[in-house]
Amino acid sequence: MGKWTQTVTAKVLGIGALALLMTIPLLQVRELVSERQQLRSDAISQIAQGWGGKQVIGGPVLVVPTLRQVAVEGQLTPRWQTGSESVLADALKQDVAMVVTTRSYGIYSAPVFVATVKIAAQFRAQDVAQYRHAGDASWQGGKAELRLPIGDLRGLQEISELRVNGQPARFESSADRLGHWPTVVVPIDPDTLVDQPIDVQIVLKLAGTEALQLLPLARSTDVTMRAPWSDPGFIGAALPLEHTIDADGFSAHWHLLDLNRSYGQHWSDGDAGMNDALQASTFGVQLYQPVDVYQRNVRAGKYGLLFIAMTFVAFFLFEVLKRLRVHPVQYLLVGAALATFYVVLLALSEQIGFGPAYALAASAVVLMVGGYAMAVLRAWRAGALLGGVLGLIYAMLYGLIAAEQYALLIGALVLLATVALMMYLTRRIDWYASIPEASAASTEAPAAIMGGS
């Protein structure tokens, strides 16, 4: 048994165990990245509290209170039950022009916007008449109102125009909600509910953070949106029919029909599932920050064990092929330096950006490990070569991080090439042989290092 522990195979297994041991600090780094991500989310929430959060805006919805007679068991006289019915517009057009800036909270930042939203909605007289007489409930037209859903009312900065059938009107605050969202309301003249179309014109300014979504609250919904942001993420239930993206920003156009959603033009307040159906129909844009600092740190950490193992393999090959001796503690110190890279990278990237932080952290680790290898192996060429190999490894890692769509393909090819190279370099090694005795120069290395030379 004692003789077997001196074989090359035992050495390889020991190095593998040490590499696995290094997953502990790597997992700690991953938890640290998650913690910093949560701090960033909290900071964005603080920005949203004073500016407006992720916004949702729809078109005006006609809501009419109702009275319905309900039979009560054991009583001859029926009971009157109050409710409401909602009617959607026939056509809705929304033109959205966004002005985007970046706001900071501490070291964290998020894109915020002010959107000028122009809304034009038309209700057909035929629709109003049809739904008015369709059910067994009696419409209370004197209390009818138009409700406009807005995701976060804190972001409603200005209403510069509101006209109903050409007449100026004024929004009022309300405790009523449409789906999951609060609303502002404008009362409707009861006479407009009798054989008259309803035409609504609205111009407002809405502030928000990171995302703006819209609701297709009409039989035909047409939306145009533009913003000086070159990395939009189109999200929600519908992608734009047309869009252009360049260095100056983006523009997009959506057109949706009532057939594209899971609810109709009319519903009562007791309809089950309406809130979720409305939520599922939202669409719009997110002001995407491509591969932000934390995403890149997470991606770098995923390859941590692979690159620690590759560095250990490089040390092992020098040890076996050059008849040198490296102690397990020295492997651990090298692994600790490689794990420290991810902490330094995270700390620096929050301050100076990912690219410069990566260059500084990688350079520091390459110099540290390369210099340590020169001392351990007592050969400056070997140390320089190992430092160069490590620098190449970090260059490949950066390429993997930067290649968003092709990261998996590149990573697979790099892994395949690495395994092939290891197979080639170790093809003549006798795995049953004992570890070769180290040269005199190399056996003096530990003492020399402890002595400070």
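This section describes the strands, loops and helices of a predicted model.

The eight-stranded sheet is considered before the other elements. Its strands are arranged in the order β9-β8-β12-β5-β4-β14-β17-β16, and the sheet is open, with mixed pairing. At its edges are β9 (167-168) and β16 (242-246), each of which pairs on one side only. Within this order, strand β4 (residues 89-105) is joined to strand β5 (residues 108-123) by 15 bridges, and the pairing is antiparallel. One of the residue pairs can be named: Ser 104 has Ser 109 of β5 as its bridge partner. Strand β5 also pairs with β12, again in the antiparallel sense, over 12 bridges. Here the bridge partner of Ile 119 is Ile 202 in β12.

Strand β12 (residues 198-209) is mostly covered, since nine of its 12 residues are buried. Besides its pairing with β5, β12 is linked by seven bridges to strand β8 (residues 156-164), and β8 and β12 run antiparallel. In this pairing, Ile 159 is matched with Leu 204 of β12. For the reading of such strands, a general point is useful: in a regular strand, side chains alternate between the two faces of the sheet.

Two loop residues that follow these strands were examined for their backbone angles. As a general background, most residues other than glycine have a negative phi. Asn 165, which is not a glycine, nevertheless has a positive phi of about 55°. Asn 165 is located in the loop between β8 and β9. With a relative accessible area of 30%, Asn 165 is partly exposed. Glu 210 likewise is not a glycine and has a positive phi, here of about 70°. The position of Glu 210 is in the loop between β12 and β13 (211-214). Glu 210 counts as buried, because its relative accessibility is 11% and the cut-off for a buried residue is under 20%.

A second open sheet has four strands, in the order β1-β13-β19-β15, and its pairing is mixed. Strands β1 (55-57) and β15 (232-236) are at the edges with a single partner strand each, so one side of each has no neighbour in the sheet. From one strand to the next, the twist averages 20°. Strands β1 and β13 run parallel and are joined by three bridges. Val 56 has Gln 213 in β13 as its bridge partner.

The loop between β15 and β16 contains Ala 238. Ala 238 counts as buried, because its relative accessibility is 12% and burial is assigned under 20%. When residues up to four places away in sequence are not counted, Ala 238 touches Trp 254, Leu 256 and Phe 283. A distance was also computed to Arg 261, which is 23 residues from Ala 238 along the chain: the C-alpha atoms of these two residues are separated by 9.8 Å.

The helices were examined in pairs. In general, two packed helices are described by the angle between their axes and the distance between the axes. For helix α5 (residues 293-302) and helix α9 (residues 380-402), the axes cross at roughly 130° and come within 9 Å. The two helices are therefore oblique to each other, as the angle lies outside the ranges for roughly parallel (under 35 degrees), roughly perpendicular (65 to 115) and roughly antiparallel (over 145) axes. The crossing in which α5 passes α9 is right-handed. Helix α5 contributes Arg 296, Arg 299 and Ala 300 to the contact, while α9 contributes Leu 397, Tyr 398, Leu 400 and Ile 401. By class, the residues of this contact comprise five nonpolar, two charged and no polar residues.

Helix α9 also packs with helix α7 (residues 328-352), at an angle of about 35° and with the axes 14 Å apart. The crossing of α7 and α9 is right-handed. In this contact, Leu 338, Phe 341 and Tyr 342 of α7 meet Leu 390, Tyr 394 and Leu 397 of α9. The contact of α7 with α9 has six nonpolar residues, with no polar and no charged ones. Leu 397 of α9 is thus named in the contact with α5 and in the contact with α7.

Notes: Residues numbered from 1 in each chain as written. Predicted model: local features only at pLDDT ≥ 70, side-chain atom pairs only at ≥ 80, totals over all residues. Heavy atoms only, no water. Axes fitted to C-alpha atoms, helices over the stretch in contact; angles between N-to-C directions. Left-handed = near helix turned anticlockwise from the far one by under 90°. Contact = heavy atoms within 4.5 Å. Nonpolar A, V, L, I, M, F, W, Y, C, P; charged D, E, K, R; others polar. Pairing = 2+ DSSP bridges. Buried < 20%, exposed > 50% of the residue type's maximum accessible area, 1.4 Å probe, protein only.
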